[in-house]
Amino acid sequence: MMYPKIPLAQSIIEICRVKGVTDIVISPGSRNAPLTIGFANNPAFKCYSIADERCAAFFATGMAQQLKKPVAVVCTSGSALLNYYPAVAEAFYSQIPLIVISADRPHDKIDIGDGQTIRQENVYANHIIYSANLLEEASQENDNKINVAIEKAISEKGPVHINAPFEEPLYDLVEELSVTPNIQDIAFENHFAEDLSPYVEKWNMAKKKLVLVGVNDPNSIDAAIIERLAEDPSVVVMTETTSNLHHKNFLNSIDVIITPFTEEDFKAFSPEILLTFGGMVVSKRIKAFLRTYKPHEHWHIDTLRAYDTFDALTKHFIAEPNAFLNRFLSATNNVESSYNKRALEVKAYRKLKHEEYLTDVPFSDFKVFKKLLPALPDNSQLQISNSSAIRYAQLFDIKSTIEVFCNRGTSGIDGSTSTAIGAALASGKETIMLTGDISFFYDSNALWNSYIPKDFKIILINNGGGGIFRILPGHQENQVFNTYFETEHNQTAEHLAKMFGFEYHTATNEPELESQFQSFFSNSGQPKILEIFTPVKLNDKILKEYFKALA
């Protein structure tokens, strides 16, 4: 087997191999040639070549999201690693282990006018778990930094940066390793042994407990815990599409429930104890509610972080939610209360109004989601883009066999499709990407990818612009709004589909949409795009009228 001649490159590659970092996404370049040669020639690694750095980093993020272990992205010097930054920020806030390995010029070549050179050290300072700024020569100091970086990516579930300066020649090879890297097992202890009795006592006394679940991995909470929470009359569980938790007694469409609330309703529903776990919450309305009508106690369960989202945080339990809830709930009692009963009555009423409204609603974004979500294949994975797409999805039930993911760390539209492709490849599951037009076209280079699974499908809802801005406050029908906020356009995905080898389907009305389901969701050995065209100036009116109708 051939190895790069540069000892520092050998050290990085060997430590990655021993630490189990075996999925490597490479952005083509010259300065990173020693790393590219080393990773690609070693059968211990699976290497992927993605030319667009932003897409590459999100692709790796999608893989790490599914594999639950670090995936590395490798790039050349200069602006290349800056293009990784959106995915680094997403990984930071979504707690995804991503390892950025950037090749750099030697220190004496920085800021002297040399080409493709920037100040790379600590470039991700505000959104990184650890930065390993290496010296040019292989050394134990460098090995220590590489070890710490990889271990922190694993234990702290986030992005790390390894910056490696290489001097030319870059392409020379050798048949034997010239270094024996120092491999360390770094222990990061996390033992949850706190006395829970004071919190059990508070829980058993409270008659209104709200459990709010944000982004949550599928199958991560035991069925017995779900049943225990669902059967307590004093507990209301609110979930989101990305919570991947299902029970008939849970309130899974938060905005549908609380948007029509009066002040009296909010006061009646305000919890004594708020218990939260999972990642970012989509619903702006639940945030506004809990910030205005603050709970007496807010407890958050997470091994690493506890954001004071509602300005009411009183306790951070540093534990895995499933382990904590198993231990905590076994010590609690059900409490007589009408809290859950009243919530379920509201849920039943809202469901009735929801169905009544949808009976006569014309073809629109809203109607498309109504038709699409029940048609999704069982046991598939659904990746949803941000902005309107994830918000519409929050208003509907999604089958419990479907796993749902969304880049909610930074809630950006950039990289949604790239993430979905990486996730589809890593999971091996049939994956559907549900996206809006602006998000899709913004990340269209995601399709410039040789690793797209044959059963990968994109559902593209094209309403001719950023429809979310028609829903948000400030919408005015004028040239400034249409050009600079909504970004009106007449683009379609037809030629992109042809260029990148996707089977292309379209629908412009309800009968056409329904007629596409059977052929689109069948697997034909080719990835597919279904582009659905909806009326841009009708969608916001239908949605606003929907929330009025719920009351």
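Let's start with a pocket: α8 (254-258), α12 (339-360) and α13 (365-375) each chip in at least two residues to the lining of the second largest pocket. Keep in mind that this is a predicted model. Below are that pocket, the largest pocket, and a helix called α5 that helps line the latter.

**The second largest pocket**
- Its volume comes out at about 580 Å³.
- A set of 26 residues lines the second largest pocket, and Asn252, Ser253, Phe396, Asp397 and Ile398 sit nearest its centre.
- The largest share of this lining comes from α12, with 6 residues.
- By type, the lining of the second largest pocket splits into 11 nonpolar, 8 polar and 7 charged residues.

**The largest pocket**
- Here you get about 1,100 Å³ of space.
- The lining of the largest pocket has 50 residues, and nearest the centre are Ser94, Gln95, Val215, Gly278 and Gly279.
- Helices and strands both help out: α3 (53-67), α5 (140-155), β11 (273-277) and β15 (403-406) are among those that each give at least two residues to this lining.
- Sort the lining of the largest pocket by type and you find 20 nonpolar, 20 polar and 10 charged residues.

**A look at α5**
- This helix has 16 residues and spans 22 Å from its first C-alpha to its last, close to the 22 Å expected at 1.5 Å a residue.
- Buried residues in α5 include Asn142, Asp143, Ile146, Asn147, Ala149 and Ile150.
- Among the elements covering the buried residues of α5 are α1 (7-19), β5 (98-104), β6 (130-133) and β7 (160-165).
- Just past the end of α5, lysine 157 has a positive phi of about 50 degrees.

Technical notes: Residues numbered from 1 in each chain as written. Predicted model: local features only at pLDDT ≥ 70, side-chain atom pairs only at ≥ 80, totals over all residues. Heavy atoms only, no water. 1 Å grid on protein atoms, 1.4 Å probe; cavity = no way out; pocket = protein on both sides within 12 Å on 5 of 7 lines; lining within 4 Å. Points joined across faces, edges and corners; volume = space filled by probe spheres on them. Helix = DSSP H or I, 4+ residues; strand = E, 2+ residues; numbered from the N terminus. Nonpolar A, V, L, I, M, F, W, Y, C, P; charged D, E, K, R; others polar. Expected span 1.5 Å × (residues − 1). Buried < 20%, exposed > 50% of the residue type's maximum accessible area, 1.4 Å probe, protein only. Contact = heavy atoms within 4.5 Å.
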